[in-house]
Amino acid sequence: MNRLVLPVVAGLVGLAVAGNSAPPNILLILADDLGYADLSIQGCTQFQTPNIDSIAKNGVRFKQGYVSNSVCAPSRAGILSGRIGIAFESNLPENTEHGLDASLPTMADHLKGAGYKTFGIVKWHLGYKPQFHPNQRGFDEFYGLLSGSRSYFADDAKELVKTGKAIERNGVVEIDPPGSYLTDRLTDGAVGYIGGHARQNPGQPFFMYLCYTAPHGPMHAKPGYAERFPGINNENRRIYAGMMASLDEGVGRVLDCLERNGMRDNTIIVFMSDNGGPTQHNSSNNGMLKGDKGSLWEGGVRVPFLMQWPARIPAGQEIAEPVISLDLLPTFANAAGVRQPVKTNGIDLLPYLDGTGRTLAARDFFWRRGDMKSCALRSGNFKWVENRSSNEAWLFDVERDPGEKENLIGRMPEVAERMKNEYRKWESSVPEPAFSSEWKPKKKK
C-alpha cells in the first residue's frame, strides 16, 4: 500500500498562478456539532437543507470526510494550522491562558500573505488572551464571539457583555439588537462584508472563515421555526430542526450574495462540521456511525464535508476516498498561489477533483483525546482504536463496517500490532499537548 508519510510539505506554486487566471475567493463555512446524517444530502428526511446541499450538487460530496479532533477547539486548531499534535486535545475553558500557538501561521496568515482580504465571522474558541485574538492571527476583520457557545438570543445584553459572550467587531463589543438571533447576526456579518468588499475592492480575492454556532446548544430556535416540523415527536429534535432551518437559510443568503456580486463561479466554498454530533445533548443524528462528539469512533470524527468551485471542479461528484480537514490549508494555499512552503499534515485535493480521474492514495490519519488516553489510527480500510484507561483495543474494517460493530482484533492480530506500532512511532514524533482537560504540569525533580 502506498501510504503518505506525515507530515508532508505543500504550498508550491499555486494552480491559479500556474493557470494564469484570477485566484479564487475562498469561503469556509463551519457548522458546530452537526450530526453526520443531518443534511438531506446525507440522508436526512425529517427536514431539508437545500442551500447547503447545493454546495455538493454543484461540486463534490466527500463520503468519508474527517476532522482532526472530535471536539470544537482542537478541531478548529487543526483546520486553521493544517497540523495535528501541536496544540491541545480538549476544549479550552473560558479565561484560560492557553490558545493556538501564536508562532504557528494560520490559514488566514498564509492567504493574507498572498494578497487576500481576510474575514473571520466566527465562533473563535482558540484563545482569549490578546495574542490569540483573531485580528492577531491573520484576520483583517473579525466579527463574532471569542467564546465557545452562548444564547442565540440577547435577552440580557448586559450579561453577555459581562461574561465575554457578546458579539464583537475587531475588539469592540456590539450590543445585540432586541429580538435578534445569533445565526442571523453571523449571516448578516458575512453578507455585509462580502457585499462591501465586492464594491470597494473588486479586484482583490477574499478569504472568509464563517463559523456558525448552530446547531450547538443551547437549544434555541427562532419563534415559529420548530413548529414547522410537527411530524417530529421529540421536542429537542424539533428545536434542532428549527435551528437547522435557520442555518440553511443563512447559508443560502451567503450563496445568493456571492451570486449577486458575480463571485459564485470563482469562489471555492467548503461546508463541514467541526466534529460529530453530540446526540444526547442536541438530538443530532450521526446515522449509521458509532459514537458521537468527544469520542474517536466514527461518529466523533467523520463529518459532512462538501466543496465546490464551479470554475474548476466538475459538479455532481461523490468521492469515496477518505479526506481530512487538514487537507484544506494546502488545497487553499495552492489554489491561491501561495509560493512559500506550508508545513501541513494534509494534501492538496484539487488535482483529484478537477476531472482528470486521479485517485487519492491511501493515507494514515491519527487522532488522540483525553491526555492521550484515547488513541486511533486509520490506515487504508482499517481503523485501530485504543482506550488506555481500560486497556482495551479494537480493529475495524471501516470501509465494510462504518458502524464499527465487528472487532477484528482477534482475527487479525498482526494488523492491529502493526497499526499500534505505527501509532506509537507517530506519537513519539509530536509533543505532548500544551493543554488537556486532564493534563497536569509535570513536577520538577
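1. In this predicted model, Phe139 sits in the loop that runs between strand E5 (117–123) and strand E6 (141–145). Its relative accessible area is 1%, and because the limit for a buried residue is under 20%, Phe139 counts as buried. Beyond its neighbours within four places in sequence, Phe139 is in contact with Ala108, Thr118, Phe119, Gly120, Trp124, Pro134, Phe207 and Tyr209. A separate C-alpha distance links Phe139 to Asp109, which is 30 residues away along the chain, with the two C-alpha atoms 7.4 Å apart.

2. Asn286 belongs to the loop between helix H8 (279–282) and helix H9 (298–301), and with 2% relative accessibility it is classed as buried. Two backbone atoms are reached by the side chain of Asn286: the nitrogen of Tyr36 at 3.1 Å, and the oxygen of Gly291 at 3.2 Å. When residues up to four places away in sequence are not counted, Asn286 touches Gly35, Tyr36, Ala37, Gly276, Gly277, Thr279, Gly291, Asp292 and Gly299, so that Tyr36 and Gly291 appear both in this list and as partners of the side chain.

3. Thr49 is placed in the loop between strand E2 (25–31) and helix H2 (50–57), and its relative accessible area of 0% makes it a buried residue. A polar atom of the Thr49 side chain lies 3.0 Å from the backbone nitrogen of Ser40. Ser40 is also found among the contacts of Thr49 outside its neighbours within four places in sequence, together with Asp38, Leu39, Met244 and Asp248.

4. Where does the model present a nonpolar patch on its surface? Val161, Val173 and Ile175 together make such a patch, with an area of about 240 Å². Of these residues, Val161 lies in helix H5 (residues 157–162), and its relative accessible area of 38% places it in the partly exposed class.

5. On confidence, the chain has a mean pLDDT of 89, and 91% of its residues reach 70 or more. Two segments call for a separate remark: pLDDT stays under 50 over residues 1–20, for which the model nevertheless has 56 contacts beyond four places in sequence, and pLDDT also stays under 50 over residues 438–445, where the corresponding number of contacts is 8. Where pLDDT is low, predicted coordinates should not be interpreted in detail.

How values were computed
Residues numbered from 1 in each chain as written. Predicted model: local features only at pLDDT ≥ 70, side-chain atom pairs only at ≥ 80, totals over all residues. Heavy atoms only, no water. Helix = DSSP H or I, 4+ residues; strand = E, 2+ residues; numbered from the N terminus. Buried < 20%, exposed > 50% of the residue type's maximum accessible area, 1.4 Å probe, protein only. Polar contact = N/O pair within 3.5 Å; in protein donor to acceptor, adjacent residues only side chain to side chain. Contact = heavy atoms within 4.5 Å. pLDDT = per-residue confidence, 0-100. Patch = residues over 30% accessible without salt bridge, like charges linked within 9 Å, V, L, I, M, F, W, Y side chains within 5 Å. Areas by Shrake-Rupley, 256 points an atom, 1.4 Å probe, with all protein chains shown as cover. Salt bridge = Lys/Arg side-chain N within 4 Å of Asp/Glu carboxyl O.
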